[in-house]
Amino acid sequence: MCVICFVKALVHVFKIYLTANYTYNFRSWPVDFRWDDVRATGAGGSGHRALTCAAAAAGVWLLHDAALGGDVLGRPRRARSQVQCLLQQIRELPSQLASYALAHSLGRWLVYPGSMFLMTRALLPLLQQGQERLVERYHGRRAKLVACDGNEIDTMFMDRRQHPGSNGRGLRLVICCEGNAGFYEMGCLSAPLEAGYSVLGWNHPGFGGSTGAPFPQHDANAMDVVVKYALHRLHFPPEHVVIYGWSIGGFTATWATMTYPELGALVLDATFDDLVPLALKVMPHSWKGLVVRTVREHFNLNVAEQLCCYPGPVLLLRRTQDDVVSTSSHLPTLPSQDMEGDVEGNRGNELLLRLLQHRYPSVMACEGRTVVTRWLRTSSLAQEAAFYARYRVDDEWCVAMLRSYRERCQKELVETRAWGPHGPTFPWLVGQGLSLRRRRQLALFLARRHLKNLEATHCSPLEPEDFQLPWGL
């Protein structure tokens with residue numbers, strides 16, 4: 001009996017030792033995959049921008065919007081002498097220094113609080129429990145990836161391909177992009193994981209076992225190696241890869257689908273269109289100029305612009321009681337189960353409008369945008385359904401109209417380059433010549449297919465049944 005107890009105790013101690021090494025000694029973990037492990041033969045059909053060794057130090061390509069140039073100046077550029085350029089640089093030097101100091105101190109802590117050392121130490125027991133759960137219950141495989149900037153990215157992969165389930169969900173891989181205080185050990189990957197999908201989770205640079213700092217360039221570098229790892233080491237077909245981004249993870253999620261347009265689908269949960277309005281909400285009004293400059297130069301999370309560059313299926317999940325990604329001044333005083341959220345200021349509204357206006361400009365012109373904006377103001381599922389029913393939207397007619405346009409484009413563009421990995425490239429000119437009533441109906445149909453309301457707060461865990469793949473034609 002004593003021998004059995006001794007063996008059990010020895011096994012327990014050995015397990016604790018392995019777990020401790022697993023958690024604390026990730027720096028000595030061998031590298032499983034590097035960003036340059038992809039051979040030219042393996043990346044033949046990809047449409048993403050290739051990164052050469054010479055450009056590795058600068059990082060992957062980012063989409064810089066007009067706000068970094070023309071919108072700031074507000075007037076066309078004129079030819080200036082070297083002396084004028086030098087004087088301009090000297091004048092801007094104090095604001096540049098102030099912006100840099102703000103971004104690398106208070107700004108970084110506000111945008112990415114999960115990278116703070118004290119938070120990581122406080123959450124260490126929970127992170128360790130989460131790792132144990134993923135390994136023991138879901139047979140998770142931890143891997144160290146090295147991005148092009150040298151940062152080491154901590155990942156966890158749960159493979160369901162051997163037992164995909166009756167609906168075949170395990171054959172699809174969901175790559176999860178966490179929020180600004182989320183870790184894969186206890187983050188948003190639980191919903192697709194419990195729903196039966198294969199899942200790949202990763203931590204932002206500076207989060208958990210990942211090294212570096214979570215600035216947009218480093219985040220995109222990390223996302224790049226994660227996608228390459230999924231395609232070229234885990235060998236998932238691009239059309240079977242779904243990118244899921246929660247909150248600030250929408251930036252890396254939309255960057256991935258913009259850079260790799262052949263990926264199968266994109267799901268954005270409780271995210272926003274741009275960081276500037278949210279930053280101005282929490283900072284003093286007198287700091288407006290400094291805040292805008294700091295965000296544009298150091299935290300330019302232009303989610304909406306990147307989203308419009310992806311031609312595949314998209315689903316937006318809007319949480320009706322979300323006050324984190326809302327610019328509304330109304331704050332609920334007392335929480336209540338029957339509380340109706342103030343959704344009018346939710347930045348997910350602008351994200352949907354930008355997407356639909358880019359993809360279906362004829363449908364979203366004037367009255368189409370107006371009716372979708374009114375639909376977005378409904379603050380409960382019952383109000384949403386009642387508004388939709390009021391316009392008597394014929395779903396079958398809308399589907400037939402879109403399919404007819406798609407088939408017509410297929411015949412016309414069969415020998416051109418306008419046919420992308422997901423069909424005719426956007427924008428679609430469907431809706432031209434329709435009556436005002438029909439355009440409204442089609443606009444509402446498209447809005448409801450691209451956005452799903454959830455009666456939940458920003459940080460509420462997503463239920464497995466609420467994780468769905470986007471609608472496809």
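This passage describes the nonpolar cores, the aromatic and charge–ring contacts, and selected helix and loop residues of a predicted model. Residues are numbered from 1 along each chain as its sequence is written, and side-chain values use heavy atoms, with hydrogens and water left out. Because the model is predicted, local features need pLDDT of at least 70 and side-chain atom pairs count only at pLDDT 80 or more, whereas totals for chains, interfaces and linings use all residues.

The largest nonpolar core contains 98 residues, of which I175, M223 and I243 touch the most other members. Such a core is a set of buried Ala, Val, Leu, Ile, Met, Phe, Trp, Tyr and Cys residues joined through side-chain atoms within 4.5 Å; buried means under 20% relative accessible area, exposed means over 50%, and partly exposed lies in between (1.4 Å probe, protein chains only). Helix α6, residues 216-232, supplies the largest share of this core, with nine residues; helices (H or I, at least four residues) and strands (E, at least two) are DSSP runs numbered from the N terminus. When residues up to four places away in sequence are not counted, M223 touches I175, C177, W202, I243, T252, W255 and A256, contact being defined as heavy atoms within 4.5 Å. Another core, of 25 residues, lies apart from the largest one and includes V242, W246, L454 and F467.

Two buried residues illustrate contacts between parts of the chain that are separated in sequence. A103, in helix α3 (residues 82-111), counts as buried because its relative accessibility is 0%. Its C-alpha lies 7.9 Å from that of V295, although 192 residues separate the two in sequence, and beyond its neighbours within four places A103 is in contact with R108, F215, T294, H298 and F299. P214, in the loop between β5 (198-202) and α6, is likewise buried, at 1% relative accessibility. The C-alpha atoms of P214 and S115 are 7.3 Å apart, with these positions 99 residues apart along the chain, and the contacts of P214 outside its neighbours within four places are R108, Y112, S115, P205 and F207.

Rings of Phe, Tyr and Trp (its six-membered ring) were paired if their centres lie within 6.5 Å, with planes under 30 degrees apart counted as stacked, over 60 as edge-to-face and the rest as tilted. The count comes to 14 aromatic pairs. In the tilted pair of F26 and W29, the centres are 5.7 Å apart and the planes 40° apart; F26 is buried at 3% relative accessible area, while W29 is partly exposed at 24%. F445 and W471 form an edge-to-face pair, at 5.6 Å and 90°, which links helix α15 (residues 436-450) to the segment after β11 (451-454) across 26 residues. Y360, Y405, F426 and W428 form one aromatic cluster.

A charge sits over a ring if NZ of Lys or CZ of Arg is within 6 Å of the ring centre and within 35 degrees of the ring normal. R142 lies over the face of W29, 5.7 Å from the ring centre, and the charged end of R448 sits over the ring of Y388, at 4.3 Å from its centre.

Helix α4 (residues 117-138) has a kink of about 55° at L124, shortly before the proline P125, the bend being the angle between axes fitted to the seven residues ending at a residue and the seven starting there. Just after α4, H139 takes a positive phi of about 55°.
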